[in-house]
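Student: I'd like a close look at one part here, the lining of the largest pocket. Take me through it residue by residue where you can, then work outwards to the rest of the chain.

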Amino acid sequence: MVGVGAGLGLVMEGTSCGALLKELQQIWAEVGESEDEKNKVLLDIERECLEVYRRKVDDANRTRVQLHQSVAAKEAEVASLMATLGEHKLYMKKDKGIVSLKEQLAAVVPVLENLKCKKEERIKQFSDIRSQIEKIRFELSEYNDQGDSESSLAEDQHDLSTRKLNSYQAQLRALQKDKSERLRKVLEYINEVHSLCGVLGIDFGPTVNEIHPSLHQNGVEQSRNISNSTLDGLASTISKLKAERKSRIQKMRATMESLCQLWKLMDSPEEEKRQFSKVMSILILPEEGITSSGVLSQELIDKMEAEVERLAKLKTSRLKDIVMKRRRELEEICQNAHIEPDVSTAPEQTDALIDSGLIDPSALLANIESQILKAKEESLSRKDIMDRINKWIAACDEEAWLEEYNQDPKRYSAGRGAHINLKRAEKARILVTKIPSMVENLINRTFAWENARSKPFLYDGGRLISVLEEYRLSRQQKEEEKRRYRV
């Protein structure tokens, strides 16, 4: 027993326990304690130390088991997450013969946390992609039957690999491409329907609502249905609207032609025509070029047809007045051009013919219109000669004034306006000297005009050449008389 105490003493030597044992032995020596009693105390001390060690060993063993279990559980969770995420090279286990359990646990915990974060992020990615896929499928579906995305997402929890994610992403891209093409086509169709409805004056909303209500909703979050039935419905509607547009254009062109004939026939004022001026300018365009809002509306067609009906009723009663007015216009043109109007449409004849019913007023009016056109052409061809005639007449007037002025004995007086008359006389003398050349040039141009048209140039019913020759002869005689008078 002494050996046990000594061994314990050796173990505890150099420690606080050893110092205490030494102090105890000193006390025993002073007290005179027996060896048996000393050994007994030392055995009690050793037994109590063993119990303390055993408890510590048991506690340490439990801690080791817990660490083993924790490391195993976390490694299993890591393995499960790696399998779910499709990660195979992310985590390498430590060699258990070299690394302690706490080091193993410290190594696996951040890996596990990282994998959990990855899983949450991957779940969010899957959820976002699935949500986008379901939304596009909803838009593409014929009946807008929303699928159960939650059950699909729950199934995806077992496979969150990048391979599966890439598969969804490829599926999403394919759907997005299909959606983009369909949406582009739907918007193109909607714009065309909107344009056609505007041109035809048809309400756009009810028209597209018959195809699908989502086509007329403008909310940002509102998805338009882009299914095959919607595309087919839009295409069919466009075809019907184009057919209606073609029908209305044909009807309006026929109505406008009638209107133009009546306007011309009845010499309608510009105020009456102005209300349909826009329609006239548009109807000459091709069908695709007619885009103005409401220009082919049924209301406008009804208005045009009503105008045609109104003018038709006035036609008979006003034809005679129009014929007379156009005849006066013809006479005015002829008068300005100094030509004789056609006597076949003279008022004294046409009145009797219209009253007796022997002639159609429309045919008579057409005849007068033809005569007006010919008179205008004749007037245009005579313009150069007429301008020269007017200059010649003006020069003759100045010559007459100059002769009268020269006979005035008071022409040089200092009276009011004398200087003005003096300047006019100077200009008149210069102009008078040009008269012979003006007449000569006028005769030459008139001959050229007659040769080109093989007919005489008549002026107020007489041949202009004869008038000019007579004037030239008269002037020559007058000049000779003046010379004789001076001699």
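Tutor: The largest share of that lining, seven residues, comes from helix α13. (Helices are DSSP runs of H or I of at least four residues, strands are E runs of at least two, and both are numbered from the N terminus.) Bear in mind that this is a predicted model, where local features need pLDDT of at least 70 and side-chain atom pairs count only at pLDDT 80 or more, while totals for chains, interfaces and linings use all residues. Numbering starts from 1 along each chain as its sequence is written, and side-chain values use heavy atoms, with hydrogens and water left out.

Back to the pocket. Both α11 (298–337) and α13 (361–406) put at least two residues into the lining. There are 17 lining residues, and those nearest the centre are Ile339, Glu340, Pro341, Asp342 and Glu378. A pocket here is an open set of points on a 1 Å grid over the protein atoms alone, where a 1.4 Å probe fits, with protein on both sides within 12 Å along at least five of seven lines; lining residues have an atom within 4 Å of a point. The pocket's volume is about 320 Å³, meaning the space filled by probe spheres set on the points, which are joined across faces, edges and corners. By chemistry, the lining splits into seven nonpolar, six charged and four polar residues. (Nonpolar is Ala, Val, Leu, Ile, Met, Phe, Trp, Tyr, Cys and Pro; charged is Asp, Glu, Lys and Arg; the others, Gly among them, are polar.)

Now look at arginine 327, which sits in α11. Is arginine 327 buried or exposed? Its relative accessibility is 4%, so arginine 327 counts as buried, the cut-off being under 20% relative accessible area with a 1.4 Å probe and protein chains only. Beyond neighbours within four places in sequence, arginine 327 is in contact (heavy atoms within 4.5 Å) with Pro341 and Asp342, and also with Thr345, Ala346, Pro347, Ile368 and Gln371. Pro341 and Asp342 are familiar from the group nearest the pocket centre.

Staying with α11, follow leucine 311 to serine 268. Their C-alpha atoms are 9.3 Å apart, although 43 residues separate them along the chain. Serine 268 lies in the loop between α8 (228–266) and α9 (270–274), and at a relative accessible area of 4% it is buried. Setting aside residues up to four places away, serine 268 touches Leu262, Trp263, Lys273 and Leu311. Next door, aspartate 267 comes just after α8 and has a positive phi of about 55 degrees. As for α8, its 39 residues should span 57 Å at 1.5 Å a residue, and the end C-alpha atoms are 56 Å apart, which agrees; the expected span is 1.5 Å times one less than the number of residues.

From α13, go on to alanine 428 in α14 (residues 418–433). Alanine 428 counts as buried at 1% relative accessibility. Apart from neighbours within four places, its contacts are Glu398 and Leu402. Aspartate 397 is 31 residues away in sequence but 9.5 Å away C-alpha to C-alpha.

Finally, the whole chain: it has 16 helices and two strands, and 32% of its 487 residues count as buried. Of the contacts between residues at least 6 apart in sequence, 73% join residues at least 24 apart.

Conventions. Buried < 20%, exposed > 50% of the residue type's maximum accessible area, 1.4 Å probe, protein only.
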